[in-house]
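Please open the model in your viewer and keep the selection panel at hand. We will walk through it stop by stop, picking something to select each time.

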Amino acid sequence: MSTAETIPIIDFEHFGDGTSPEALEICKKFYEACRDVGFAYLINTGIPQEKVDGMFEWLRSYHCYLMSSAKLFKLPLEIKKKALHPPEGWRHRGYSGVGVEQVSQMVFDTEELASIRKGKFPDFKESFDMGDETSPQRPGLENIWLPEEDLPGFREFALDYCETCRAFQMARVLPALSIGMGLNRNFFDEHHKSGENHLRLLHYPEGPAEAFESGEKRRIGAHTDFGTCTILFQDDVGGFEVESPSQTGVFIPAPPIPGAAVLNIGDFLMRWSNDTLKSTLHRVRAPPRKTSADGTTRERFSVPYFIVADAKTTVDCIPGCWGPDKPKKYQPINAGEYLDMRINAAY
Ligand SMILES: O=C(O)CCC(=O)C(=O)O
Ligand SMILES: [Fe+2]
């Protein structure tokens with residue numbers, strides 16, 4: 001099965017306010033993709049391409065014939081460390097250097113986590129994590145910024161980018177999911193009031209191709225996302241893979257499509273829907289070596305925006321998703337506690 005058949009492309013252009021017959025068709029297709037694959041490419045999201053391109057510009061160095069300036073990940077380590085991520089995993093804000101974080105999938109035992117870290121090389125990536133500041137931040141989750149003079153304008157740009165993604169979430173993503181599931185279009189709104197979403201800026205440095213091929217280095221291990229759903233933009237390097245809907249343990253490429261975001265369902269929607277919607281495993285590998293390559297795997301940048309339910313929310317099976325012939329598969333959980341538990345396991 002080719003990727004094009006496996007991960008549907010959903011066009012939001014004619015979504016409008018979500019009430020027209022065309023909009024209802026979009027909701028239906030979106031829902032089916034989330035149910036059958038857990039992933040969809042989204043086009044015409046309304047997130048301006050200049051903002052997405054601008055976000056990537058902030059991550060790399062900038063060169064033109066008159067000047068060259070270091071952007072976020074190209075700054076010297078001592079500067080990046082001025083915004084260092086706190087030692088507690090759940091306080092997921094600020095800069096984490098290469099090798100600090102190791103993503104795992106539902107392993108919470110301290111000894112087992114330590115042996116995963118010992119046995120394998122941690123994810124070969126560095127990241128900068130931040131949240132929306134339009135509503136009060138959860139104590140302990142306040143943003144950690146670089147001093148303005150070290151990257152002037154970055155904070156303002158990144159916060160505006162978050163707001164743009166949040167507007168897409170509230171106007172289109174959550175209504176389309178609710179309508180597709182046969183719920184009131186505002187069903188999920190009350191659980192996403194405080195905007196505790198999380199923007200993650202990721203840099204996977206370059207390295208010798210053999211190190212990636214032998215498994216000595218890896219980019220990000222297979223995992224599901226913890227929250228409601230994720231909107232991801234990736235650069236043109238490739239390497240992103242999604243577990244096949246029909247074959248457990250088999251991963252298929254989800255290559256970048258210019259202008260498209262990748263949306264995936266996270267654990268909250270899987271639990272809310274009693275497994276009707278899929279929180280699918282995904283990972284990032286080094287892209288296949290090109291014949292002309294000089295033995296170096298290109299660096300890669302990506303920007304996931306995690307839509308998460310408010311920390312106080314109880315995530316429990318939605319009425320209609322369970323009954324005598326379909327018992328509840330999951331116990332109710334507190335959203336904040338679940339997120340903290342999963343993120344703590346990565347640090
Ligand atoms: O880098 C990517 O493209 C995906 C990252 C990812 O899956 C994550 O951070 O949860
Ligand atoms: Fe992910």
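The tour goes from the whole chain to the sheets, then to the ligand and the core.

**The whole chain**

Start with a cartoon view, and keep in mind that this is a predicted model. The protein chain carries nine helices and 18 strands. Colour its 347 residues by burial and you will find that 40% of them are buried. If you like contact maps, here is a number for yours: among contacts in the protein chain with a separation of 6 or more, 75% link residues 24 or more positions apart.

**The eight-stranded sheet**

Next, select strands E1, E2, E13, E10, E16, E7, E6 and E5, in that order across the sheet. They form an open sheet with mixed pairing. Why does one side of E1 and of E5 lack a neighbour in the sheet? Strand E1 (9-11) and strand E5 (94-96) stand at the edges with a single partner strand each, so one side of each is left free of a sheet neighbour. Look along the sheet to see the turn between neighbouring strands, which averages 25° when direction is ignored.

Now zoom in on strand E16 (300-307). Of its eight residues, seven are buried. On E16, two pairings are worth a click:

- E7 runs antiparallel to E16, and five bridges join them. Show His198 opposite Phe306 of E16, then Leu199 opposite Tyr305 of E16.
- E10 pairs with E16 over six bridges, also in the antiparallel sense. Here Cys229 stands opposite Ile307 of E16.

With side chains switched on, a general point helps: in a regular strand they alternate between the two faces of the sheet.

Add helix H3 (residues 49-59) to the selection. Helix H3 lies across E7, E10 and E16, and runs at about 120° to E16.

**The ligand**

Keep those strands visible and centre on ligand 1. Which residues surround ligand 1? Select Arg200, Leu202, Ile220, Asp225, Leu232, Gln234, Phe240, His282, Val284, Ser302 and Pro304. Two or more residues of this shell come from each of strand E7 (198-204), strand E10 (229-234), strand E14 (282-284) and strand E16 (300-307). Colour the shell by residue class and it splits into six nonpolar, three polar and two charged residues.

**The four-stranded sheet**

E14 takes us to another sheet. Select E9, E14, E11 and E12, which follow one another in that order in an open sheet with antiparallel pairing. Strand E9 (220-223) and strand E12 (251-253) are the edge strands, each pairing on one side only. From one strand to the next, the twist averages 25°.

For a closer look, pick strand E11 (residues 240-243), which is joined to E12 by three bridges in an antiparallel run. Glu243 has Phe251 of E12 as its bridge partner.

**The nonpolar core**

For the last stop, hide the ligand and turn to the largest nonpolar core, which has 77 residues. Which residues have the most contacts inside this core? Select Phe30, Ala40 and Leu177. Then add helix H6 (residues 154-180), which gives the most to the core, with 10 residues.

Finish by centring on Ala40. Leaving out residues up to four places away in sequence, Ala40 touches Ile7, Pro8, Ile10, Phe30, Ala33, Cys34 and Leu263. One of these, Phe30, is also among the residues with the most contacts inside the core.

Conventions:
Residues numbered from 1 in each chain as written. Chains lettered and ligands numbered in written order. Predicted model: local features only at pLDDT ≥ 70, side-chain atom pairs only at ≥ 80, totals over all residues. Near = placed C-beta within 6 Å. Nonpolar A, V, L, I, M, F, W, Y, C, P; charged D, E, K, R; others polar. Core = buried A, V, L, I, M, F, W, Y, C linked by C-beta atoms within 7 Å. Buried ≥ 20, exposed ≤ 12 C-beta atoms within 10 Å, placed from the backbone. Contact = placed C-beta atoms within 7 Å. Pairing = 2+ DSSP bridges. Axes fitted to C-alpha atoms, helices over the stretch in contact; angles between N-to-C directions.
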